[in-house]
Amino acid sequence: MSSTSYNQKKYVGKSSIVDFYDSKHYNPDVYATSSGDPYHENTFTGELNVHVHDTAGETHEATVIALCARCNAIVLVYDKTYKQSFGKIDDLHNSIKQHINLEKVVVFLVGNKTDETHEEQVNTDEGYNKHKYLKTDLFIETSAKTGYNINELFNKIEAEVKISGKRP
Ligand SMILES: Nc1nc2c(ncn2[C@@H]2O[C@H](COP(=O)(O)OP(=O)(O)OP(=O)(O)O)[C@@H](O)[C@H]2O)c(=O)[nH]1
Ligand SMILES: [Mg+2]
């Protein structure tokens, strides 16, 4: 059993990433995950059962931390077309680090919306450097619109959780 939590300030594409992995297509009408329904859950059954908590950008930090404490993997998502979301990664990583033993959980950094090349505000080198700086276990760029690297992301989550043997 593996759990994953998607975090980050709003509209970065967390739900779209999960939806694409689930349905194999992009749904442009995905609803913003609301504070009343702070996260929704999905289970994918493969070699491992992957249980995903998809948080809302506006989910209260204490709720996010509580969810992360029960996870094998934490996926931090920013929007490559929105620099502010990239800036928030440091704050979020910092508060997670204060409450969670990162030796017991794998952390992924994901730059989403690679399809919006003309709107790019955060390039691949910046994402990679952030991954090195924060010492996350993996960095990958995705598009929930074209499906670029979506399967790879979930495959790597499973692989990394298995290899690392990390358990909360
Ligand atoms: N071009 C493009 N748009 C995307 C991509 N992923 C998501 N979007 C769009 O970005 C907007 C926000 O997507 P969501 O999946 O709702 O983002 P979220 O991070 O779950 O947002 P909250 O639930 O509000 O925190 C929607 O209009 C999506 O259609 C992507 O890879 N490329
Ligand atoms: Mg959402």
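This report covers confidence, the central strands, the nonpolar core and the ligand shell of one chain.

**Confidence**

The model is predicted. Mean pLDDT over the chain is 88. Of the residues, 89% score at least 70. Among the elements, helix H4 (residues 124-134) has the highest mean pLDDT, 98. Strand E1 (residues 2-7) has the lowest, 55.

**Strands E4, E5 and E6**

Strand E5 (residues 106-112) pairs with strand E4 (residues 73-79) and with strand E6 (residues 138-142). Both pairings are listed below.

| Pair | Sense | Bridges | One bridge partnership |
|---|---|---|---|
| E4 and E5 | parallel | seven bridges | Leu-76 with Leu-109 |
| E5 and E6 | parallel | five bridges | Leu-109 with Phe-139 |

Leu-109 of E5 thus appears in both rows: its partner in E6 is Phe-139, and it is itself the partner of Leu-76. The chain passes from E4 to E5 through helix H3 (residues 83-99), in a right-handed β-α-β crossover. A further bridge to E5 links Ala-73 with Val-106. A right-handed β-α-β unit is also formed by E5, H4 and E6.

How much of E5 is covered? Seven of its seven residues are buried. Val-106, Phe-108, Val-110 and Asn-112 point one way. Val-107, Leu-109 and Gly-111 point the other way.

E4 is largely enclosed by the rest of the structure, because seven of its seven residues are buried. Ala-73, Val-75, Val-77 and Asp-79 lie on one side of E4. On the other side are Ile-74, Leu-76 and Tyr-78.

**Helix H4 and strand E6**

Gly-127 sits in helix H4. Is Gly-127 buried or exposed? Gly-127 is buried, because 20 other C-beta atoms lie within 10 Å, and a residue counts as buried at 20 or more. Gly-127 and Phe-139 are 12 residues apart in sequence. Their C-alpha atoms are 7.4 Å apart in space. Phe-139 is the E6 residue that bridges to Leu-109.

**Nonpolar core**

The largest nonpolar core holds 32 residues. Which of them touch the most other members? They are Ala-73, Ile-74, Val-75, Leu-76, Val-77, Phe-108 and Val-110. Several elements give two or more residues to this core: H1, strand E3 (49-55), helix H2 (61-68), E4, H3, E5 and helix H5 (150-164). Which element gives the most? E4 does, with six residues. Among the well-connected members, Phe-108 and Val-110 point the same way from E5.

**Ligand shell**

Ligand 1 is surrounded by 20 residues. The closest are Gly-13, Ser-15, Ser-16, Thr-33 and Gly-57. By type, the shell divides into seven nonpolar, seven polar and six charged residues. Helix H1 (residues 14-23) gives the most to this shell, with three residues. H1 also gives two or more residues to the largest nonpolar core.

Technical notes:
Residues numbered from 1 in each chain as written. Chains lettered and ligands numbered in written order. Predicted model: local features only at pLDDT ≥ 70, side-chain atom pairs only at ≥ 80, totals over all residues. Near = placed C-beta within 6 Å. Helix = DSSP H or I, 4+ residues; strand = E, 2+ residues; numbered from the N terminus. Nonpolar A, V, L, I, M, F, W, Y, C, P; charged D, E, K, R; others polar. pLDDT = per-residue confidence, 0-100. Buried ≥ 20, exposed ≤ 12 C-beta atoms within 10 Å, placed from the backbone. Pairing = 2+ DSSP bridges. Right-handed = clockwise from strand over helix to strand, strands pointing away. Core = buried A, V, L, I, M, F, W, Y, C linked by C-beta atoms within 7 Å.
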